[in-house]
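Hi,

Here's the structure I promised to pass on. Have a look, and my notes on what turned up are underneath.

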Amino acid sequence: MTSIADGSGASGRAEAMGAWFVVKKTLRKPQFWFGFTMIVPLLIWYWIFSFWPIIQAFRMSTVAYKLLDPTNSPFVGIGNFLKISQHPLFLVSVKNTILWAVYSFIFHLPLAMLIAVFLSKVRRGRNVYQALIFVPVVVSLVAVSLLFKMLMDPEVGQLNKLLSGVGLPELQWLSSSSSALPTAVIIATWKGLGFYVVILTAGMMNIPSELYDAALVDGTNPWQQFWRITMPLMGHTILLITVLLAIGSLQEFTLPTVLFGSEGGPGNSTYLYNMLIYQEAFLDIRFGTATAASLLQFAFILAISILQIKLIRPSWSY
């Protein structure tokens, strides 16, 4: 028994010495210290501006946060969550945000897919077309919002003058509670469409051309090629697009705020969930309920993203 114990102890010491030798050898390498000096500031940055605020958010959501005396904020448990759920505009904001997301999918995906299909067939000048389509993405969102707000003004807007000039009835655009939300989503679609077109085009260009050649020999038409080859092999790209679109649309704030103000007019028809969070935090100075609302939003978006991954993600790759 003693010899066995001695043998195992010697083996453990040898392994420890070997591990220490590897550590010493690694510490002597300049590549290690270069990587260390690059990664540590980044980790510190993320800890200060990402990880620590997230941890603090969970704490703030359970207290009646006092801005001038945060250390004496009383614990309220789930009281903030109950209070935000009883807000008179809570259900309105949830409904409008879900409608915004649904409209975004309806407007973005078919149009982006159609443009990407055409671009994937272009042999010369594809990069130029992609650059032109991508230009609105890099333009200031506030500038775009103000531009369309001026163009769609019901009295002096150029779009209504154009319609009346060709004998068509003028539209309310952003002034009617029934058309304000869809119109705002159309503006958002024009602004962000190029981003999704570029990703979808890249995914289509990654599909081996031999598959289309073989399908053409078998006598398939372009529609059959799209449904039987392009769509199945674009599964991972479509998953990426849908997740990004859901995350972005469920957090929309800037465009409707510039167009309609933080009250989300007309008639609260464009009052989104982020406007509720903004009102609670910066207008009513209730950071506890605002943080609780943000965590509810985080949980909902996380659940939607996981559901999309489960439903759309292909079980194979090529």
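**Aromatic corner and overall build**

Y278 comes out as partly exposed, at 29% relative accessibility (that label covers 20% to 50%; buried is under 20% and exposed over 50%, with a 1.4 Å probe and protein chains only). Keep in mind that this is a predicted model, where local features need pLDDT of at least 70, side-chain atom pairs count only at pLDDT 80 or more, and totals for chains, interfaces and linings use all residues. Residues are numbered from 1 along each chain as its sequence is written, and side-chain values use heavy atoms, with hydrogens and water left out.

The structure has 15 aromatic pairs (Phe, Tyr or Trp rings, the six-membered one for Trp, with centres within 6.5 Å; planes under 30 degrees apart are stacked, over 60 edge-to-face, the rest tilted). One of them joins Y278 to F253: tilted, 5.5 Å centre to centre, with 50 degrees between the planes. F253 sits in the loop between α11 (235-249) and α12 (254-260) and Y278 in helix α13 (residues 273-283), so the pair ties together parts 25 residues apart in sequence. F253 is also partly exposed, at 23%. Ring pairs link both into a cluster with Y65, F282 and F287.

As for the whole chain, there are 14 helices and zero strands (DSSP runs: H or I of at least four residues for helices, E of at least two for strands, numbered from the N terminus). Of its 318 residues, 35% count as buried. The C-alpha atoms fill a box of roughly 105 × 75 × 35 Å along the principal axes.

Cheers
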